[in-house]
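Student: Could you show me how to read unusual backbone geometry and helix packing from a set of coordinates?

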Amino acid sequence: MAVRARTCGASRPDPAQKALPWPSRGSRLGPGARRPATGPPRPLALLLPPLLLLPLLAAPGASAYSFPQQHTMQHWARRLEQEIDGVMRIFGGVQQLREIYKDNRNLFEVQENEPQKLVEKVAGDIESLLDRKVQALKRLADAAENFQKAHRWQDNIKEEDIVYYDAKADAELDDPESEDVERGSKASTLRLDFVEDSNFKNKVNYSYTAVQIPTDIYKGSTVILNELNWTEALENVFMENRRQDPTLLWQVFGSATGVTRYYPATPWRAPKKIDLYDVRRRPWYIQGASSPKDMVIIVDVSGSVSGLTLKLMKTSVCEMLDTLSDDDYVNVASFNEKAQPVSCFTHLVQANVRNKKVFKEAVQGMVAKGTTGYKAGFEYAFDQLQNSNITRANCNKMIMMFTDGGEDRVQDVFEKYNWPNRTVRVFTFSVGQHNYDVTPLQWMACTNKGYYFEIPSIGAIRINTQEYLDVLGRPMVLAGKEAKQVQWTNVYEDALGLGMVVTGTLPVFNLTQDGPGEKKNQLILGVMGIDVALNDIKRLTPNYTLGANGYVFAIDLNGYVLLHPNLKPQTTNFREPVTLDFLDAELEDENKEEIRRSMIDGNKGHKQIRTLVKSLDERYIDEVTRNYTWVPIRSTNYSLGLVLPPYSTFYLQANLSDQILQVKYFEFLLPSSFESEGHVFIAPREYCKDLNASDNNTEFLKNFIELMEKVTPDSKQCNNFLLHNLILDTGITQQLVERVWRDQDLNTYSLLAVFAATDGGITRVFPNKAAEDWTENPEPFNASFYRRSLDNHGYVFKPPQQDALLRPLELENDTVGILVSTAVELSLGGRTLRPAVVGVKLDLEAWAEKFKVLASNRTHQDQPQKQCGPNSHCEMDCEVNNEDLLCVLIDDGGFLVLSNQNHQWDQVGRFFSEVDANLMLALYNNSFYTRKESYDYQAACAPLPPGNLGAAPRGIFVPTIADFLNLAWWTSAAAWSLFQQLLYGLIYHSWFQADPAEAEGNPEVRESSCVMKQTQYYFGSVNASYNAIIDCGNCSRLFHAQRLINTNLLFVVAEKPLCSQCEAGRLLQKETHSDGPEQCELVQRPRYRRGPHICFDYNATEDTSDCGRGASFPPSLGVLVSLQLLLLLGLPPRPQPQVHAHPSRRL
């Protein structure tokens, strides 16, 4: 039987002349052969049973090379395995380091991590921390209610009567166009001095509070001045709270009028554009001011809605969505004669960030046409709210209708769906300037326990789309003490620069009565909030005793993480909470879904699972064993979890009581010892309170040494556990130098460096000069090689990381190294742990040459190359036949480690599909690799360039010549809408188009949050050695693939492609921008969650008579003509935003 061969200098034989009986696509494959993966058309890999690889029967008198037989390639693989193992045994020093630990057994103790005790202790500590904030909140809320009750309303109060620190005053004085500068504000604004405070990451003044008032609220209004008057008394309570608990951070009162008073005082962080901050739109205020909501928004898109009115409606809906939190559910529909959802969501969905984004984008596509049909809109909304087969809030139910007006009251619909119990509140919004009778809209709201609002212009949108919260707050106020329950928020970004925080909230109620014997006031005054920085909670968790891969995490009732090592948002928009689900923080599987559900339900539990984890650099996937333990944090909505690998059950605790030994080991940290003992990097941990941090490890080590000359490792200002373990590991690793590394010639084995890293925070690199090229993280727990070595048995190769878009490695002047590392496992008295990782750094060029020899017919590098005679046949090898044979080592992530092709050396570290797409696809199709796709919801992307919006907004009404000549047209709503479009387009052009993050957020923000799709590859189920063919006619290629034992390497030998007519599709590994998973599909299978356990949506004593007042816009030719003349003369009056307060807001 003849085997297809590559003859020297000959072209590839015609496929018709193949003598090898390849299995046909429909035939039965032989034993041990693998059936090709099914799927879309792609090069088919047919497997060769080993028996088919017989010697070549070459033509007489011709010299020829055949593809290596399987046993030959297995022999090469064994040689590679032996060479790697031999080098690691000699230089890695795993066995010697074990002996060193045993020889120093008297210097440390083995401690045990008991998961249940640990997690219960941490949960208790967090509960105590939060409880102190709760007590402060209650004192503030009680005091506020009493201060307001004792306050006497002043109708004639003036700005000069009020003295306070206006947090925005400095910024406004610097801005000559500021509203208050133009008005000549008469308020007596304090000028304060501030001192830098590291706890607040800001300059503060502890003697005063600061006041922030939204830009669209007039500071001189009677309501605001009275609010400033009575809230001034809170200043002393804030100070007393801080005296009792010096760890308190921001204490804030957010008033229902929009005033924010916070302590300590600090200047407001003025944004670049418009300051759109309004406390009533903050996540913590919304959560504290009302119970969860089921909301259906219906929008009138009949033909009468055109131009600015439609634009106002779209903006109003978006602003309304921003008043909802993750505890709420919502849907949005448009209606004319019929009603239909504006998006793909056919039922109520959770009002999370991604769902609201879908709504906001869909709303922009609404087009006005047809006639108004209130009945269709309301029937659709009631049907949505009555659907009990879906997840929803099951508390407040409401319909929000936006319209330009109409005559129909649809009483029959309310009688059918909502009366007599009136469980659904109806809020109506009259949008735009028009001459319709608003009585029907007012009647709808008043007869359904809702409220009627008018939105005549842009300036009224934000105020009137959030005031419905006052109505929802009525049952809470009437419930009294029962409703005074502290709630804790999701994680969000603090507006004053504190970083990520959670906030405890407590509603503040109006306890006044309108007169003797009158009904109790039912207005919410506002919400008290106290921030807790995530970093303060993290400090209560064990970190370094859990090892590099152990961690603590916490989630809330939505499954969002409060604590997690993967909670690292690259950019934050403080208008939105940081909502990273536990199943997105980790790689999702059924076990984790079960754990998440149990935690949300407030249960205790423990479970050992096999799961997938991403490497720290997000290039690799490892299958690992993890132990999960969880308990609820009492008095909160949070649950705490602990994750431990089995090898982190025990840890070392140094016991260096001998001060002489302390000094001796400490000397090995001094740079003067580096030349003989190797360079030492120390982990930048908080060893002592007075230790100055630095990103430069040399500088950090210098700071550390200087501090240690002043204090001892047993000092009370230092973390004795961290210091003792650091000094112990300094001595341990120095002994490794002494016993192993110093006497070895690294050049003999082409090594650039040897190294050891430890749990104690030491990374020792030998020789000292190798430290110049050391790029790994000095914190072992944050080094990818360290964490992967702990999770994998054997030797872990890590090639230099390369981006496909960057230039290749430069080998001429720089020496490129490949890390090989392995964990040191100790067994002490039956207790197993892994306290260190050791390894070597291979010289890429030298090992590439060595790789060729090991995968050749030579036994050593000095032996002459074997030549194939004129009348003989030979097997190809990776050295002699490198023009025809491709030989590579690829790691478990699919990245190139070594190649016999010199031109590929500068591609080491790249994903192999970028080097040989055809071969990588074959390896994937034959299950050598599998892949995991996931989404990173915390990525940051550069802002997209603004698009060309054209000359006019979409949907604007364009009048004809006939319209201009028709006097009736000038008195119509269409004409009014057009002139509004022109007027507000000039004045508020940036308001419609301003990026909220840029307008409201940090002025330094240059990027926006986005979703990135990640793809990682990892070894599949194939462990055997076999051969295959990539069948592609004249371009067919033989290849052999085999895993190297005790490594993370795959050895591949393949024929080099001679043509590219069958070039396969390239597998992608690089992170790509994505819209994320399809939201319309995700909402059909929502993740498990629970809402807050309290709901206040009804009270029999509620007075619903205050339901909004409005006046119609009567058609007056004289008024309209005057307005048009003002517009034509270019004299538009400047709009003066006002506070729209309920009549009962007068206190």
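Student: Where does Pro420 lie?

Tutor: In this predicted model, Pro420 sits in the loop between helix H12 (411-417) and strand E17 (424-431). As a general guide, most peptide bonds are trans. Here, however, the bond joining Trp419 and Pro420 is cis, with omega about 5°. Another cis bond runs from Phe766 to Pro767, where omega is near 0°, and Pro767 belongs to the loop between strand E32 (762-766) and helix H24 (784-791).

Student: Which sign of phi does Ser750 have?

Tutor: Most residues other than glycine have a negative phi. Ser750, although not a glycine, has a positive phi of about 55°, and it lies in the loop between helix H23 (720-741) and strand E31 (751-758). Lys201, also not a glycine, has a positive phi of about 55° and is placed in the loop between strand E7 (195-197) and strand E8 (202-204).

Student: Is Ser750 buried or exposed?

Tutor: Ser750 counts as buried because its relative accessibility is 17%, and the cut-off for buried is under 20%.

Student: Why are the buried residues of H10 on the same side?

Tutor: An α-helix has 3.6 residues a turn, so residues three or four places apart point the same way. In helix H10 (residues 353-363), the buried residues are Asn355, Lys356, Val358, Phe359, Ala362 and Val363. They lie on the same side of H10 because they cover an arc of only 155° around the axis. Their packing partners are helix H9 (308-321), strand E13 (329-335), strand E15 (349-350) and helix H32 (1079-1082).

Terms used
Residues are numbered from 1 along each chain as its sequence is written. This is a predicted model: local features need pLDDT of at least 70, side-chain atom pairs count only at pLDDT 80 or more; totals for chains, interfaces and linings use all residues. Side-chain values use heavy atoms; hydrogens and water are left out. Buried means under 20% relative accessible area, exposed over 50%, partly exposed in between (1.4 Å probe, protein chains only). Helices (H or I, at least four residues) and strands (E, at least two) are DSSP runs, numbered from the N terminus. The arc is that of the directions from the helix axis to the C-beta atoms. Contact means heavy atoms within 4.5 Å.
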